[in-house]
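These entries record what I looked up, in the order in which I looked it up. I began with a single helix and went on to its surroundings, the pockets and a few separate residues.

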Amino acid sequence: MVTAQQLDKLYVACSKLPDTSVIEEEAHVFESPLLIAMSTVLSLCRKWYSHALPARQRFEQGQYGYLSKEPLDVFSKVYRGIIRDTNDWKILSNALWNNNEWQKAQQLAQLIDYLSEWCRKFHPQLDEPAALKKWASATPKEKFLGKIHRLGPRAYEQLLWYIEGVNSIKLDRHVANFLKEVLGDSVSEEEGVAALKRVAARMGISATSLDARIWDYMQSRANT
């Protein structure tokens, strides 16, 4: 349990964090279910600025970039046409990102199919960004885990970060390390995230904005 003293300590540390333009840089992604899913998959176990973001930008500037504005089932039809019956996901990876990360291509395809099916089944009357907000509120982490191979808690939290955009903190290594540096090992990750949300409210900013500040500060420090 986070004590009042620890909460104050966390508040002081968070208040010293510089502001960041991360959310503004990613603003166009929030309205594109495909880019949300793609950013989630690409960011897992990869450095964002040197690996994940360049790959996504290659997609956005390439021949399939138009898909970012289309419904998810359009992407599903296109990717099936790309790989056909080869089951060779490297073909899709090369087509999207000009690399051979076939596992990420497969995960993206499966995630898109899962989200598209959920939106059609439960909220066919809504546009997909609105339907995904319903998914976020109706789908606890435990219900998502196991749906797509190797997409675990971090992927779920990243999806919420993009879909909700207000009260989400993605518990990646940057946030986990920040919490450990400030509070030590006495606080669990779940308790730490809850404490960060309380600190964000105390600071008068969204939890997502605080998450972005922590992430930007920690990753920039790691690159120095």
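**Entry 1: a covered helix**

I started with helix H3, which is mostly covered, 11 of its 11 residues being buried. I note that the model is a predicted one. The helix spans residues 33-43. I listed its buried residues as Pro33, Leu34, Leu35, Ile36, Ala37, Met38, Ser39, Thr40, Val41, Leu42 and Ser43. I then asked which elements cover the buried residues of H3. The cover includes H4, H5, H6, H7, helix H8 (128-138) and H10.

**Entry 2: the packing of H3 and H7**

Two packed helices are described by the angle between their axes and the distance between the axes. For H3 and H7 I found an angle of about 140°, with the axes 10 Å apart. I recorded their crossing as right-handed. On the H3 side, the contact is made by Leu34, Ala37, Met38, Val41 and Leu42. On the H7 side, I noted Lys104, Gln107, Leu108, Leu111 and Ile112. By class, I entered 8 nonpolar residues, 1 polar and 1 charged for this contact.

An α-helix has 3.6 residues a turn, so residues three or four places apart point the same way. I kept this in mind when reading the two lists.

**Entry 3: the largest pocket**

I next looked up the open spaces. Rolling a probe the size of a water molecule over the atoms shows where empty space is left. The largest pocket has a volume of about 840 Å³. It is lined by 37 residues, and those closest to its centre are Ser43, Leu44, Cys45, Arg46 and Lys47. I recognised Ser43 from my list of the buried residues of H3.

I asked which helices each supply at least two residues of this lining. They are H2 (22-25), H4 (48-61), H7 (102-122), H10 (153-164), H11 (173-183) and H13 (207-222). I recorded the lining as 14 nonpolar, 11 polar and 12 charged residues.

**Entry 4: the second largest pocket**

For the second largest pocket I noted a volume of about 310 Å³. Its lining has 16 residues, and Lys141, Glu157, Ile169, Val193 and Lys197 lie nearest its centre. H10 and helix H12 (189-203) each supply at least two residues of this lining. I found that H10 gives the most, with 6 residues. The classes here are 7 nonpolar, 2 polar and 7 charged.

**Entry 5: residues with a positive phi**

Most residues other than glycine have a negative phi, and most peptide bonds are trans. I therefore looked up exceptions to the general rule for phi. Cys45, just after H3, takes a positive phi of about 60°. I had already met Cys45 among the residues closest to the centre of the largest pocket.

Asn87 has a phi near 60°, and I placed it in the loop between helix H5 (72-83) and helix H6 (89-97). Arg150 has a phi near 70°, and I placed it in the loop between helix H9 (141-144) and H10. Are these two loop residues buried or exposed? Asn87 is exposed, with a relative accessible area of 58%, and Arg150 is exposed as well, at 55%.

**Entry 6: a buried histidine**

I closed with His174, which is found in helix H11. It counts as buried because its relative accessibility is 8%, under the cut-off of 20%. Leaving aside neighbours within four places in sequence, I found His174 in contact with Ile214, Trp215, Met218 and Gln219.

Methods. Residues numbered from 1 in each chain as written. Predicted model: local features only at pLDDT ≥ 70, side-chain atom pairs only at ≥ 80, totals over all residues. Heavy atoms only, no water. 1 Å grid on protein atoms, 1.4 Å probe; cavity = no way out; pocket = protein on both sides within 12 Å on 5 of 7 lines; lining within 4 Å. Points joined across faces, edges and corners; volume = space filled by probe spheres on them. Helix = DSSP H or I, 4+ residues; strand = E, 2+ residues; numbered from the N terminus. Nonpolar A, V, L, I, M, F, W, Y, C, P; charged D, E, K, R; others polar. Buried < 20%, exposed > 50% of the residue type's maximum accessible area, 1.4 Å probe, protein only. Contact = heavy atoms within 4.5 Å. Axes fitted to C-alpha atoms, helices over the stretch in contact; angles between N-to-C directions. Left-handed = near helix turned anticlockwise from the far one by under 90°.
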